[in-house]
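This briefing introduces a structure to a reader who has not met it before. Please keep the sequence and the 3D view at hand while reading.

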Amino acid sequence: MTQEVKTGTTIVAIEFDGGVVLGSDSRVSAGETVVNRVMNKLSPLHDKIYCALSGSAADAQTIAEVVNYQLDVHSIEIDEEPQVKSAASLVRNISYQYKEEMSAHLIVAGWDRRNGGQVYATLNGLLSRQPFAIGGSGSFYVYGFVDAEYRRGMSKADCQQFVVSTLALAMGRDGSSGGVAYIVTIDEHGTEEKVVLGNDLPTFYNQ
């Protein structure tokens, strides 16, 4: 009997006053084999809405592309930018409808005029707004860190450092996470994308 091929990654998103920061590692693995070292797992759903991908790369990318198309049509119909919750609802609906056929978990985050920066978890039909969210195989190694380090009212710079440190710790522990760190910051002015090379990631005591 064929065994399931396990995949892994680390994704994270966090709200700050006026926007959000998303981050991911870049390693794509199939079992113990690394098949891509530099995949960007932060996919745009609209101008100021992104999602972080985990699970099957093909399934997650398919969901992101379908939602991207649907949001473009939706924004034309309403003649304004879509809400972040609308994007998260579309992701949740598709993920739940095809839960038996697809294996993917997407964190949706972005900014809109009504509610500012927002982060939504969409796992297994769940739609929950959270101040921060983590996912992927690397997340199991950093739950204690994010719970200890998160505090309300963090600045944009603090949130960016929070995301980078979370990814660095997960990538150091999880064999399925690695490569470089992709960071996207979104606020009312637009999006800012950044790549942190592996050599520039923060190091910790046991590294």
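A salt bridge is a side-chain nitrogen of Lys or Arg within 4 Å of a carboxyl oxygen of Asp or Glu. Lys41 and Asp25 form such a pair through their side chains, at 3.0 Å from N to O. The model discussed here is a predicted one. The points below are grouped by topic.

**Salt bridges**

- The structure holds four salt bridges, one of which is the pair of Lys41 and Asp25.
- Lys41 lies in the loop between β4 (33-36) and β5, and Asp25 in the loop between β2 (19-24) and β3 (28-30). With their positions 16 residues apart in the numbering, the pair links distant parts of the chain.
- Both Lys41 and Asp25 are buried.
- Another salt bridge joins the side chains of Glu15 and Arg129, again at 3.0 Å from N to O. Glu15 belongs to strand β1 and Arg129 to strand β9 (residues 128-129), so that distant parts of the chain, 114 residues apart, are linked.
- Glu15 counts as buried because its relative accessible area, 18%, is under 20%. Arg129, with a relative accessible area of 41%, is partly exposed.
- The side chains of Asp158 and Arg151 also meet in a salt bridge, at 3.4 Å from N to O. Asp158 is partly exposed at 31% relative accessibility, and Arg151 is likewise partly exposed at 46%.

**Nonpolar cores**

- The largest nonpolar core has 22 residues. Ile14, Val21, Phe162, Val163, Leu167, Ile183 and Leu201 are those with the most contacts inside it.
- At least two residues of this core come from each of β1 (11-16), β10, α4 (156-173) and β11 (181-187). Helix α4 supplies the largest share, eight residues.
- Apart from its neighbours within four places in sequence, Ile14 is in contact with residues including Gly19, Val21, Val119, Phe132, Tyr150, Met154, Phe162 and Val163.
- A second, separate core has 19 residues, among them Met39, Leu71, Leu106 and Tyr120.

**Helix α2**

- Helix α2 covers residues 84-97, which is 14 residues. At 1.5 Å a residue, the helix should span 20 Å, and its end C-alpha atoms are indeed 20 Å apart.
- The buried residues of α2 include Val84, Ala87, Ala88, Val91 and Ile94, as well as Ser89 and Ser95.
- Among the elements that cover these buried residues are the helix α1 (57-78) and the strands β5 (42-46), β6 (49-55), β7 (104-112) and β8 (116-121).

**Surface and loops**

- Phe140, Tyr141 and Tyr143 make a nonpolar surface patch of about 390 Å².
- Within this patch, Phe140 lies in the loop between β10 (132-135) and α3 (143-149). Phe140 is exposed because its relative accessible area, 65%, is over 50%.
- Most residues other than glycine have a negative phi. Asp79, although not a glycine, has a positive phi of about 60°.
- Asp79 is found in the loop between α1 and α2, and at 69% relative accessibility Asp79 counts as exposed.

Technical notes
Residues are numbered from 1 along each chain as its sequence is written. This is a predicted model: local features need pLDDT of at least 70, side-chain atom pairs count only at pLDDT 80 or more; totals for chains, interfaces and linings use all residues. Side-chain values use heavy atoms; hydrogens and water are left out. Patches are made of residues with over 30% relative accessible area and no salt bridge: like charges are joined within 9 Å, nonpolar side chains (Val, Leu, Ile, Met, Phe, Trp, Tyr) within 5 Å. Accessible areas come from the Shrake-Rupley method with a 1.4 Å probe; for residues, only the protein chains shown count as cover. Helices (H or I, at least four residues) and strands (E, at least two) are DSSP runs, numbered from the N terminus. Buried means under 20% relative accessible area, exposed over 50%, partly exposed in between (1.4 Å probe, protein chains only). The expected span of a helix is 1.5 Å times one less than its number of residues. Contact means heavy atoms within 4.5 Å. A nonpolar core is a set of buried Ala, Val, Leu, Ile, Met, Phe, Trp, Tyr and Cys residues joined through side-chain atoms within 4.5 Å.
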